[in-house]
Number of protein chains: 2
Amino acid sequence: MWGQMEISQLCQIDYPIIQAGMAGSTTPELVAAVSNAGALGTIGAGYMTPDELESEIKQVQDLTAKPFAINLFVPEDIQYEMSEVRQMNALLHPYRQALGLDVPNVKSHDASDFELKIKLMIKYQVPVCSFTFGIPHQSILEQLKSANVITIGSATTVEEAQALERAGLDIVVAQGSDAGGHRGSFSDKPYETMVGTMSLVPQIVDNVSIPVVAAGGIMDGRGLIASLMLGAQGVQLGTAFLTTRESKAKDVHKKAILNCKETDTIVTDIFSGKMARGIQNAFIHEIKASGAKILPYPIQNDLTTSIRSAASQIGKTDWMHLWSGQGVRLAQDTDAKSLVESMIHKGKQCLNQFNQ
Amino acid sequence: MWGQMEISQLCQIDYPIIQAGMAGSTTPELVAAVSNAGALGTIGAGYMTPDELESEIKQVQDLTAKPFAINLFVPEDIQYEMSEVRQMNALLHPYRQALGLDVPNVKSHDASDFELKIKLMIKYQVPVCSFTFGIPHQSILEQLKSANVITIGSATTVEEAQALERAGLDIVVAQGSDAGGHRGSFSDKPYETMVGTMSLVPQIVDNVSIPVVAAGGIMDGRGLIASLMLGAQGVQLGTAFLTTRESKAKDVHKKAILNCKETDTIVTDIFSGKMARGIQNAFIHEIKASGAKILPYPIQNDLTTSIRSAASQIGKTDWMHLWSGQGVRLAQDTDAKSLVESMIHKGKQCLNQFNQ
């Protein structure tokens with residue numbers, strides 16, 4: 001049955017399971033292990049330079065001959081005032097001072113790196129490309145289509161899914177509010193797009209013709225089969241893969257997930273400027289309490305990156321982003337291959353109990 | 001398979017489907033139609049006087065010989081200042097003036113009505129009792145157990161589910177954040193208990209021994225089977241039954257659900273003093289924008305009831321509560337029997353597609 005799902009056929013994988021992009025937390029070992037296990041590994045390339053991505057692609061291709069994907073963030077035009085940057089820098093000063101950090105330069109952001117990454121993907125014949133934060137320009141989609149790259153978009157509402165279908169994406173991820181990490185929302189009202197996975201998946205399935213991948217709170221074989229019953233053709237998991245041994249997430253981050261409760265996460269834009277779900281900590285509460293204006297992505301991200309990075313070096317979870325979905329009690333200290341295999345095994349068990 | 005689910009066996013029903021309490025929106029016809037179709041109808045008795053409940057029980061028993069349930073709100077001690085009541089009355093004055101309403105008296109609330117309703121349930125041998133907003137006193141649970149009444153509690157977190165199990169409830173409803181109407185939360189931090197149904201159900205299943213009923217965003221046979229795959233032994237649906245012809249919800253309320261989008265609902269305490277999900281409207285935004293302190297349930301409820309009732313008489317949806325879950329695009333203009341039958345039919349189809 002697994003190979004018959006549309007996602008399996010489109011992506012030429014054995015099982016309709018996608019390891020989510022998780023920018024900053026994937027390793028070539030993780031991506032290859034997932035793909036070698038028959039699912040679809042994904043290089044989380046959102047924050048990578050083209051050179052870094054090229055190196056990652058080569059490493060993954062050394063480790064697997066199976067299909068894998070690259071996840072990219074769709075660039076967008078942003079507007080902000082330098083006075084807002086100065087205000088945020090003042091707010092962040094005590095954290096930087098405690099960690100011995102300088103004020104970072106605000107980088108200029110244009111679409112050139114994004115376009116270079118697309119060209120790399122085509123050059124190295126990476127078979128699948130997933131996008132977060134919106135719809136890539138039509139010229140990008142045409143390049144990928146000409147190169148026979150399968151494209152995946154991410155939606156948090158029915159309207160976003162319909163927009164992705166109209167643009168010509170091959171597959172849509174229906175990301176419910178249960179999901180960890182960045183919300184793929186690209187509507188103007190991110191808080192209104194907090195629709196639970198159980199509700200969102202069948203509503204998107206009913207309103208688009210392209211295959212739907214369920215995401216958000218799916219952690220094991222139960223979530224896999226439940227999603228297929230809702231009409232999804234596959235699932236995408238972030239948090240479940242984040243705690244595997246191959247993931248690049250810091251050990252303190254993995255431990256935080258393995259030890260927290262389903263009520264411990266919150267959605268916040270204070271780390272990156274875009275809404276993302278993670279475990280609550282002091283940094284979130286303090287910046288929020290300040291009432292300061294959060295800068296748009298990726299500026300806010302640029303301003304907080306060195307703080308989070310330095311905090312993670314000394315295991316100070318209070319000042320790190322601890323991305324996590326709501327299915328935390330189901331997270332496991334395991335490896336990627338075992339996770340994929342146990343999902344398939346448990347999924348079959350779920351089905352068989354009703355086949356007697 | 002349906003009759004083998006633990007919920008079916010405990011409640012002596014053919015299908016593991018429960019029509020949610022929906023205080024204010026059930027009719028004897030709805031409850032009887034659901035039970036006659038082989039599922040479990042529920043009298044939403046949260047706001048009823050004992051006399052009203054007695055009349056409802058008699059009417060339901062005239063219409064069906066099948067098991068049905070009664071849903072009650074667990075009373076609790078509350079504290080508030082009369083100055084806060086005056087402030088809220090001042091805020092509500094323009095609405096009352098526009099509708100020609102007087103200021104209502106603040107009623108005294110004790111547990112005596114609740115205890116009378118328990119006695120009625122036992123007197124009329126109602127087989128199932130479900131509770132919202134907490135854990136009934138041990139003496140109440142003992143009375144019900146002695147009378148062989150099956151008890152159902154409602155949880156929005158793993159810890160609430162465990163507390164219900166410890167107290168001796170027979171069944172626990174796992175109410176995800178997708179759900180419409182009142183949140184069953186009884187922890188101190190209602191906003192932290194917003195865990196999606198897809199995430200919540202398996203985590204509760206793994207952490208209690210009593211059977212779990214999934215609730216929140218379940219609207220059809222897909223949601224039914226998905227919930228069973230997550231480990232639930234049954235499902236509870238509110239919004240899906242609210243739009244059936246037998247429900248007492250106002251036509252404008254039904255139409256609002258049938259015409260809204262999955263992003264149109266919000267969780268608010270401004271109507272009743274307890275958090276509940278409904279379609280956003282002017283009343284919610286205006287009261288929220290005022291910054292006024294919301295009184296605890298049931299005082300806030302007492303203060304807004306006449307406004308909502310009068311508004312509904314003239315079809316002014318801007319000033320009504322429009323309870324709804326997030327699965328709105330799946331809501332149907334149908335009758336209760338057809339809804340149950342179509343869920344079972346669609347559920348079988350979902351399973352059969354993987355049985356080849």
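The exercises below, each with a worked solution, concern a predicted model.

**Exercise 1. Two packed helices**

Determine how helix α5 and helix α6 of chain A are oriented to each other, and which residues make their contact.

*Solution.*
Step 1. Two packed helices are described by the angle between their axes and the distance between the axes.
Step 2. For α5 (residues 112-123) and α6 (residues 138-146) of chain A, the angle is about 10° and the axes are 10 Å apart.
Step 3. Angles under 35 degrees count as roughly parallel, so α5(A) is roughly parallel to α6(A).
Step 4. From α5(A), the contact is made by A:Phe114, A:Glu115, A:Ile118, A:Lys119, A:Met121 and A:Ile122; α6(A) contributes A:Ile140, A:Gln143 and A:Leu144.
Step 5. Sorted by class, the contact has 6 nonpolar, 1 polar and 2 charged residues.

**Exercise 2. The surroundings of a helix**

State how many residues of helix α2 of chain A are buried, and identify the elements against which they pack.

*Solution.*
Step 1. Helix α2 spans residues 28-36 of chain A, and 7 of its 9 residues are buried, which leaves the helix mostly covered.
Step 2. The buried residues are A:Pro28, A:Leu30, A:Val31, A:Ala32, A:Ala33, A:Val34 and A:Ser35.
Step 3. They pack against β1 (17-19), β2 (41-44), α3 (50-63), β3 (68-73), α10 (239-242) and α14 (336-352) of chain A.
Step 4. After α2(A) comes A:Gly38, with a positive phi near 100°.

**Exercise 3. Salt bridges within chain B**

Explain why the salt bridges B:Glu54 with B:Lys123 and B:Lys107 with B:Asp302 tie together separate parts of the sequence.

*Solution.*
Step 1. Side chains of opposite charge can pair when their charged atoms come close.
Step 2. In the salt bridge of B:Glu54 with B:Lys123, the closest N and O atoms are 3.4 Å apart.
Step 3. B:Glu54 belongs to helix α3 and B:Lys123 to helix α5 of chain B, so this pair joins parts 69 residues apart in sequence.
Step 4. B:Lys107 and B:Asp302 meet at 3.9 Å, N to O.
Step 5. B:Lys107 is in the loop between α4 and α5 of chain B and B:Asp302 in helix α13 of chain B, so the parts tied together are 195 residues apart in sequence.
Step 6. B:Lys107 is exposed at 51% relative accessibility, whereas B:Asp302 is buried at 9%.

**Exercise 4. The contact between the chains**

Describe the contact of chain B with chain A by its residues, buried area and salt bridges.

*Solution.*
Step 1. Chain B gives 45 residues and chain A gives 45 residues.
Step 2. The two chains bury about 3700 Å² between them, 58% of it on carbon and sulfur atoms.
Step 3. In chain B, B:Met198, B:Met229 and B:Phe354 lose the most area to chain A.
Step 4. There are 4 salt bridges between the chains; B:Glu159 and A:Lys261 meet in a salt bridge at 3.1 Å, N to O.

Technical notes. Residues numbered from 1 in each chain as written. Chains lettered and ligands numbered in written order. Predicted model: local features only at pLDDT ≥ 70, side-chain atom pairs only at ≥ 80, totals over all residues. Heavy atoms only, no water. Axes fitted to C-alpha atoms, helices over the stretch in contact; angles between N-to-C directions. Helix = DSSP H or I, 4+ residues; strand = E, 2+ residues; numbered from the N terminus. Parallel < 35°, antiparallel > 145°, perpendicular 65-115°, else oblique. Contact = heavy atoms within 4.5 Å. Nonpolar A, V, L, I, M, F, W, Y, C, P; charged D, E, K, R; others polar. Buried < 20%, exposed > 50% of the residue type's maximum accessible area, 1.4 Å probe, protein only. Buried area = accessible area lost by both parts, 1.4 Å probe. Salt bridge = Lys/Arg side-chain N within 4 Å of Asp/Glu carboxyl O.
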